[in-house]
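User: I'd like a close look at one part of this model, with the surroundings worked in as you go. Please take your time and connect the pieces for me.

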Amino acid sequence: MATYEYQCAECGSFEYHTAIGTAPSVGTCPVCGREARRIFSPPSLVRTPPALASALQREEASRDNPAVVTKTPPRPHRPREPHPALAHLPRP
Ligand SMILES: [Zn+2]
């Protein structure tokens, strides 16, 4: 279910809940019964998790001021010994 918003010229805006992608462009005002056109408003950005909001800000900032990389990052340190679980694998 998604929430869609409509604007009645007489009564103001109201919300309509229906499945995603099934909202008509023109709705019926629940108060006066007249046609109401669908309006678009931003989603509830307040509920965006902080980690996602931070990632979105970095992505948007990188459009105009991308971080330039001049060399590959160092490889992570890996232990020289094989993982102990590999010892239990069948041998040819
Ligand atoms: Zn109305």
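What does Cys-8 count as, buried or exposed, and at what relative accessibility?

Analyst: Happy to walk you through it. Please keep in mind that this is a predicted model. Cys-8 counts as buried, because its relative accessibility is 2%, and the cut-off for buried is under 20%.

Let's start with where this cysteine sits. Cys-8 belongs to strand E1, which covers residues 2-8. Strand E1 has two faces: Ala-2, Tyr-4, Tyr-6 and Cys-8 make up the covered one, while Thr-3, Glu-5 and Gln-7 make up the uncovered one. That fits a general pattern. In a regular strand, side chains alternate between the two faces of the sheet.

Now for the neighbours of Cys-8. Leaving aside residues up to four places away in sequence, Cys-8 touches Phe-14, Cys-29, Cys-32 and Ala-36. One of these, Ala-36, stands opposite Cys-8 in strand E4. For a contrast in distance, take Pro-84, which is 76 residues from Cys-8 along the chain. The C-alpha atoms of Cys-8 and Pro-84 are separated by 68 Å.

The cysteines bring us to the metal. The SG atoms of Cys-8, Cys-11, Cys-29 and Cys-32 coordinate the zinc ion, at 2.2 to 2.4 Å. The angles among the four donor atoms run from 107 to 115°, and the zinc site is tetrahedral. Along the chain, the donors of the zinc ion follow the spacing C-x2-C-x17-C-x2-C. Two of Cys-8's partners at the zinc can be set beside it for accessibility. Cys-11 counts as partly exposed because its relative accessibility is 39%, and Cys-32 is also partly exposed, with a relative accessible area of 36%.

With several cysteines around one ion, you may wonder about disulfides. A disulfide is a covalent bond between the sulfur atoms of two cysteines. The structure holds zero disulfides.

Next, the strands around E1. Strand E1 runs antiparallel to E2, and seven bridges join the two. One example is Ala-2, whose bridge partner in E2 is Thr-18. A hairpin of three residues leads from E1 to E2. Strand E1 is also joined to strand E4 (residues 35-39) by four bridges, again antiparallel. Here Tyr-6 has Arg-38 as its bridge partner in E4. Strand E4 in turn pairs with strand E3 (residues 26-28) in the antiparallel sense, over three bridges. Thr-28, for instance, has Glu-35 as its bridge partner in E4. The hairpin of E3 and E4 has six residues between the strands, and Gly-33 there takes a positive phi near 85°.

Phe-14, one of the contacts of Cys-8, leads on to the aromatic rings. A pair of aromatic rings is described by the distance of the centres and the angle of the planes. The structure holds two aromatic pairs. In the pair of Tyr-6 and Phe-14, the ring centres are 5.7 Å apart and the planes are at 20°, so this pair is stacked. In the pair of Tyr-6 and Tyr-16, the centres are 6.0 Å apart and the planes are at 80°, so this one is edge-to-face. Because Tyr-6 lies in strand E1 and Tyr-16 in strand E2 (residues 12-18), the latter pair ties together parts that are 10 residues apart in sequence. Tyr-6, Phe-14 and Tyr-16 form one aromatic cluster.

How accessible are these rings' residues? Both Tyr-6 and Phe-14 are buried. For Tyr-6, the reason is a relative accessibility of 1%. Tyr-16 counts as partly exposed because its relative accessibility is 39%.

Finally, a residue from another part of the chain makes a useful comparison. Glu-60 lies in helix H1, which spans residues 50-64. With a relative accessible area of 52%, Glu-60 is exposed, whereas Cys-8 is buried at 2%.

To pull it together: Cys-8 is on the covered face of strand E1, supplies an SG donor to the zinc ion, and touches residues including Phe-14 and Ala-36.

Key
Residues are numbered from 1 along each chain as its sequence is written. This is a predicted model: local features need pLDDT of at least 70, side-chain atom pairs count only at pLDDT 80 or more; totals for chains, interfaces and linings use all residues. Side-chain values use heavy atoms; hydrogens and water are left out. Buried means under 20% relative accessible area, exposed over 50%, partly exposed in between (1.4 Å probe, protein chains only). Contact means heavy atoms within 4.5 Å. Donors are N, O and S atoms within 2.8 Å of the metal (3.2 Å for Na, K and Ca); water is not among the atoms, so sites may look incomplete. Four donors count as tetrahedral if all angles lie between 85 and 135 degrees; four count as square planar and six as octahedral if opposite donors are over 155 degrees apart and all others between 65 and 115; anything else is irregular. A disulfide is a pair of cysteine sulfur atoms within 2.5 Å. Rings of Phe, Tyr and Trp (its six-membered ring) pair if their centres lie within 6.5 Å; planes under 30 degrees apart count as stacked, over 60 as edge-to-face and the rest as tilted. Two strands pair if DSSP finds at least two bridges between them.
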